[in-house]
Structures are given as C-alpha cells and as structure tokens.
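Here is a friendly look at the spaces inside a protein model, followed by a pair of packed helices. Have the structure open as you read.

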Amino acid sequence: MEQEKLDIKSLDSAALEEAVLHMGQKAFRARQLYEWMHVRLASSFDEMTNLSKEFRRTLQETCVMRCATIIHRQVSRQDGTSKFLMELADGNVVESVLMKYRHGNSVCISTQVGCRMGCRFCASTVGGLVRNLRTSEMLDQIYEIQRETGERVSHVILMGIGEPLDNYDQVIPMIRMLTDERGLHISQRNVTLSTCGLVGQIDRLAGEDLTITLAISLHASNDVLRREMMPVAERHSIQEILAACRNYLEKTGRRITFEYSMVEGKNDSPGHAEELSGLLRGMNCHVNLIPLNPVEGRMGQRSRRNRVEEFKLILEKNHINGTIRREMGSDIDAACGQLRNKRQRRETT
Ligand code: SAH
C-alpha cells in the first residue's frame, strides 16, 4: 500500500526543521521551505526555486502541498463579500468567506467538516460531524483566498463551519502559526474564536498565553431558553460559561464578545434584554446582536428591526455595549449560520 504522504504544512517551524534534517538537508533549508509555504504562499514545490531540484522532487513525492483548493467563488451584489467553496484532498468540501471592511480584510474560516453541536438554527450542523480539519487545511483557506484575490488578509475569524474548540488540538497550533512572525504574522488581537460554550476548553484556552478575542454564542438570557435553541446548553449552564469568561478575561485582559442571534418571538423581548443585562452587568464585554439568518428547515424567523433596536437600547440603558451586526453576504448564503459542507446545486442566473 502507498504510504500516506506527510502533511508538511501542518508542521510548525521546529517540527519542520526536524523533518528536513531527517531528509538529509541542512537546517536553513527548513527556514526557506517554511517561508515559501507560510509567507510567499507558494502553491507548488516547483516554485521554490532556491531549493535544489532533487530536494523539490523528494518533497513532491513524500509530502502534500495544497490542502484546500478553491473550486467555486460567489460574490455578493450587496456588499462585495465573497464565499469560497474549498475542496480538501479527500474530496470533502467546506466554505470560507472574505469580508472587506474599512479596517481591513477579514476571512472567516471553517474548522471542521460539519459540526456535532446541533444548534437548531444553524445550517452547518445539519449532517452532523464528518471530521476535524487539519492545521494545514485551516491555514490553506486563508492562504488560498489571499493568493486568489491578491488582497492582504488582516483579520481571521473562526466562525465558519464547525466548533473550533471541538477541534482544539489542531486549532491552537493553527493560530500560533498564523500569528507567528515567521508566517503571515497576523496580530493575535485580530483573530476571533467563536464557541458555543465548551467550558473545559475555554479554561484551557485561557492558559495558552494567546491574546485572541473570544466570542461566545450565547443567544439566550436563561438556561431553559438556551436549551431549546442549543443542545450544548444541556452540558453547561450560562453561569458556568460566564465564570469561564471571567477567568479568560482575567488571564488575557481581552474583552469578551457575546453573540446573540435574534429569533422572532423566541429570545427577542424587552424582558429578555433586561435578563441578559442582568447576566452581563459589570463585565468587560460587547454584545453582537445578529438578526437570525433564515435557514431552510431550521428553527425560526428573524426578529423585526424595531425589536432588535429596542433590545439594543435596553442593553445600553444598562451600560452594556451592543452592536447590530451587518449581515454580510446573505444573498449568497454566506452569512452566519448559512454555511454548509455540501456542494449546492448551482443556481443558473
Ligand atoms: N461553532 C461556533 C462557530 C460557528 S457559528 C459557535 O457556535 O460560535 C458562528 C455564529 O453564527 C455563532 O454565533 C452561531 O450561533 C451563529 N449562527 C448560527 N446559525 C445562525 C443563523 N441562522 N443566523 C444567525 N446566526 C447564526
């Protein structure tokens, strides 16, 4: 049987040096190779012209180079947001999104093929979890988009398909490589990890010495309501999550973001806004209100605009910062909760 090829792009600089020495090459070759992969974003070993032909051939024969490839791009007519369908080496597909803001270009990446968290309003979870993404497959979503568009990516958000903290062992090395000065060197502050609230892993993250932004998908102001919306709420109460957030804040000094998707008649009343304010009072945090993006076959309708605005005013009256998230790319199903790991029928327009 053919031996499985080495996933060389998942190796950090120390591990790559070891692998290169093992191939009988000098250590500085590892630094050149690392730069080709993680700074110059080469798409093949052939491009790496300062490496000998022989070494390139060895790499070609024993290692995988492209781990995610763009196979389709859709551009939103509303706001220029692009959604990319990415194919992985085993034929699975995931989606990634590029959003252009005044402050820079933000890429939203997937962390798993599918998801097993089961949130009742989200499209990504419909077929369950297929598998975790590797470090290289997450990095390549960003690298491919930067290469394809020629635009420098300044912000990365882990809010695509999957639960990032359910793929902890590959997500953390990915964040380190992405923010390392030997790679794209994206500021840790410009990386946001969004989680449905896996308490044990939030505590672990607090000890990683990373100053990334933590976003919590809260979506409810009490546990009864949250359990109706998110099965994961059976495992952890809101109070446990908030305790983990306070610990994260204390260790990292980073303000917490709470995401609150607004579902008509479900979690969007003035009473809910007051209840949420009570939970978050005194905490250094920010609330993102997201009018629900409708997903066929999933729970609920979007709250009306005046409801969302009223909700925000109540938070403000209680001294809690809130913003209403602009939906980017909802016309191409690229908005929160609309990504899936299926090839969709292509619309003929
Ligand atoms: N699993 C992670 C990250 C992926 S989802 C998490 O749960 O945070 C990114 C955000 O979109 C989450 O806040 C998620 O709850 C929210 N979301 C999911 N479906 C949505 C929908 N239909 N409309 C609006 N937001 C949605």
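## Pocket, cavity and a helix pair

The largest pocket encloses about 840 Å³ of space; keep in mind that this is a predicted model. Its lining takes in 33 residues, and those nearest the centre are Tyr101, His103, Ile157, Asn288 and Arg325. Strands E3 (93–101), E4 (104–108), E7 (155–158), E9 (213–217), E11 (285–291) and E12 (321–324) each give two or more residues to this lining.

Now for the enclosed space. The structure has one cavity of 30 Å³ or more, and the volume of the largest cavity is about 460 Å³. This cavity is lined by 31 residues, with Cys122, Met159, Ser194, Ser217 and Gly337 closest to its centre. Two or more lining residues come from each of strand E8 (191–195) and strand E10 (256–262).

Here are the two linings by residue class:

| Lining | Nonpolar | Polar | Charged |
|---|---|---|---|
| Largest pocket | 14 residues | 12 residues | seven residues |
| Largest cavity | 15 residues | 13 residues | three residues |

On to the helices. H5 (residues 168–179) packs against H6 (residues 199–206) at an angle of about 30 degrees, and their axes are 12 Å apart. Angles under 35 degrees count as roughly parallel, so H5 and H6 are roughly parallel to each other. Their crossing is right-handed. On the H5 side, Tyr168, Asp169 and Ile172 make the contact, while H6 contributes Gln201, Arg204 and Leu205. Sorted by class, the contact of H5 with H6 has three nonpolar, one polar and two charged residues.

How values were computed: Residues numbered from 1 in each chain as written. Predicted model: local features only at pLDDT ≥ 70, side-chain atom pairs only at ≥ 80, totals over all residues. Heavy atoms only, no water. Axes fitted to C-alpha atoms, helices over the stretch in contact; angles between N-to-C directions. Helix = DSSP H or I, 4+ residues; strand = E, 2+ residues; numbered from the N terminus. Parallel < 35°, antiparallel > 145°, perpendicular 65-115°, else oblique. Left-handed = near helix turned anticlockwise from the far one by under 90°. Contact = heavy atoms within 4.5 Å. Nonpolar A, V, L, I, M, F, W, Y, C, P; charged D, E, K, R; others polar. 1 Å grid on protein atoms, 1.4 Å probe; cavity = no way out; pocket = protein on both sides within 12 Å on 5 of 7 lines; lining within 4 Å. Points joined across faces, edges and corners; volume = space filled by probe spheres on them.
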